[in-house]
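The following exercises concern a predicted model. Each sets a task and then works through a solution.

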Amino acid sequence: MVNKELDMIVFGATSFVGQIICRYLLEEHTEPNFTWAMAARSQDKLEQLRAELGEKSVSIPVVIADSFDDATLMAMCERTEVIISTVGPYAIFGEALVKACANTGTDYCDITGESQWMKRMISRYSDQATSTGARIVHCCGFDSLPSDLGVKFLQEQARGKFGVYCSEVKMRVKVMKGTFSGGTVASGVNAFKEAARDPEIRAEMRDWYSLCPRGHNNSARQRAIGMEYDKDFRSWVGPFIMAAVNSRVVLRSNALLQERYGNEFRYNEGSLAGDGDKGRKLAKRMKSDGRLFGLVLAVPLLRWFALKFFLPKPGEGPSLREQQEGFYDLQFFGKTDAGDEIRVRVTGDRDPGYGSTAKMLSQAAVSLLRDVDKNEVPGGFWTPGSIFNDALYQRLSCYAGLSFEVLEGESAKEEVAQPGY
């Protein structure tokens, strides 16, 4: 092992999320003896960002690297222990950096939610990452860290309380306040374009186990939530837009953990709409809205019209005030084969996709650097739930505004009885 010049590089520092991360690292993060740099392809934009960040950023190095220039990416990787990447859509801009990290043994974290791209990266570079010791960890933002670590937290609590893991877990979004950015929209649009021209990708999107390694033993039939009444939450439930990628990541975690939760483990996600006729109508509207949004992205003419006049452009996103006013409350319910039940919640104090995602990604990268021993955890493609230990829960709670809490007794009943819509 070689000690490198820098602990971490933020690649895509001038992107919308990249700027939030840089400001967070300068103003809120406190890690002793921690060195980091800002990287992007434009020297001018990096200098402009450094000027906007103020005097604290004067000593932060800037690194010039291009998503399509292998030489600059290799040079960047050779300078640092871990790289944060924010350059989505990753299916367009992300592959060369993953390749460079795999070749140089450099650890890597990102915030992709593009399952079709993750599958390609695992297929192409897993052997090389294993050989060099590079730990590649996708989905370290709201896609899909709260879901993956929320399930892991629930399972560890269940094992301590009941002596076994839950064979069934479901997550319900109680309340969430946040806005989409152009980067998220661009990633979704690209995924639909890829699926439209490639039948293999369409098949992957129907396969809940598409991210699981070959030879996995998961065999339970998984399902998507459309609209239904959930008696465990005493609420009507509609779909959750991120359930598809989150569920695949959770199932991959179980496979990488050697089916720790069992090979009949079942998991699904949805959004709470409330009880009674009002809740039923809201769940029905959620289902209709989800279908309409999918149709708009799938049909070229509708997609063009929406992108032109309604949807945010790449580089756009919520204002600082909107980020600070955002939040989310995710409720998890688990049941063992014997019928024992447990509930936990995961909350965040910023808008999920940007303010909270920036802090989650930063702390995940620092935890990968500081808390996950390379002598104990080898190179390869990991998920948050399969690679991170209790230290990340502590970091997220102390420095990223997240909370992980067991709900018990009357408080649990009250929580699930009052969806926040």
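**Exercise 1. Classify the residues that line the largest cavity, and state which elements supply them.**

Solution. Step 1: the lining of the largest cavity divides into eight nonpolar residues, two polar and one charged.

Step 2: the lining is made of Met118, Ile122, His138, Cys139, Leu211, Val249, Arg252, Phe381, Trp382, Thr383 and Pro384. Because Arg counts as charged, Arg252 in this lining is the charged residue.

Step 3: α6, α10 and β13 are the elements that give two or more residues to this lining.

Step 4: the space in the largest cavity comes to about 70 Å³.

**Exercise 2. Determine how many cavities of 30 Å³ or more the model holds, and describe the second largest.**

Solution. Step 1: the count comes to two cavities of 30 Å³ or more.

Step 2: the volume of the second largest cavity is about 30 Å³. Its lining consists of Ser115, Gln116, Lys119, Ile201, Glu204, Met205 and Ser210.

Step 3: two or more of these lining residues come from each of α6 and α9.

Step 4: sorted by class, the lining has two nonpolar, three polar and two charged residues. Lys and Glu count as charged, so Lys119 and Glu204 make up the charged class here.

**Exercise 3. Characterise the second largest pocket by its volume, its lining and the element that gives the most to that lining.**

Solution. Step 1: about 580 Å³ of space lies in the second largest pocket. Its lining comprises 27 residues, of which Lys119, Ile122, Ser123, Cys212 and Arg214 are the closest to the centre.

Step 2: at least two lining residues come from each of α6 (115-132), α9 (199-205), α10 (243-256) and β13 (380-382). The most come from α6, with eight residues.

Step 3: by class, ten lining residues of this pocket are nonpolar, eight polar and nine charged.

Step 4: two of the residues closest to the pocket centre also appear in cavity linings. Ile122 lines the largest cavity, and Lys119 lines the second largest cavity.

**Exercise 4. Establish the strand order of the seven-stranded sheet, and locate the helices α3 and α5 against its strands.**

Solution. Step 1: the sheet is open, its pairing is parallel, and its order is β3-β2-β1-β4-β5-β6-β13. The edges are formed by β3 (62-64) and β13, each of which pairs on one side only. From one strand to the next, the twist averages 20 degrees.

Step 2: at the β13 edge, β6 (residues 135-137) pairs with β13 in the parallel sense over three bridges. Ile136 has Phe381 of β13 as its bridge partner, and Phe381 also belongs to the lining of the largest cavity.

Step 3: helix α3 (residues 70-77) lies across β1 (6-11), β2 (36-40), β3 and β4 (80-85), and runs at about 125 degrees to β4.

Step 4: helix α5 (residues 95-104) lies across β1, β4, β5 (107-110), β6 and β13, and runs at about 155 degrees to β5.

**Exercise 5. Describe the geometry of the aromatic pair formed by Phe153 and Tyr393, and place both residues in the chain.**

Solution. Step 1: the structure holds eleven aromatic pairs. In the pair of Phe153 and Tyr393, the rings are 6.1 Å apart centre to centre, with 45 degrees between the planes.

Step 2: an angle under 30 degrees would count as stacked and one over 60 as edge-to-face; the pair is therefore tilted.

Step 3: Phe153 lies in helix α7 (residues 145-162) and Tyr393 in helix α16 (residues 390-399). The pair thus links distant parts of the chain, 240 residues apart.

Conventions:
Residues numbered from 1 in each chain as written. Predicted model: local features only at pLDDT ≥ 70, side-chain atom pairs only at ≥ 80, totals over all residues. Heavy atoms only, no water. 1 Å grid on protein atoms, 1.4 Å probe; cavity = no way out; pocket = protein on both sides within 12 Å on 5 of 7 lines; lining within 4 Å. Points joined across faces, edges and corners; volume = space filled by probe spheres on them. Helix = DSSP H or I, 4+ residues; strand = E, 2+ residues; numbered from the N terminus. Pairing = 2+ DSSP bridges. Axes fitted to C-alpha atoms, helices over the stretch in contact; angles between N-to-C directions. Contact = heavy atoms within 4.5 Å. Phe/Tyr/Trp six-rings, centres within 6.5 Å; stacked < 30°, edge-to-face > 60°.
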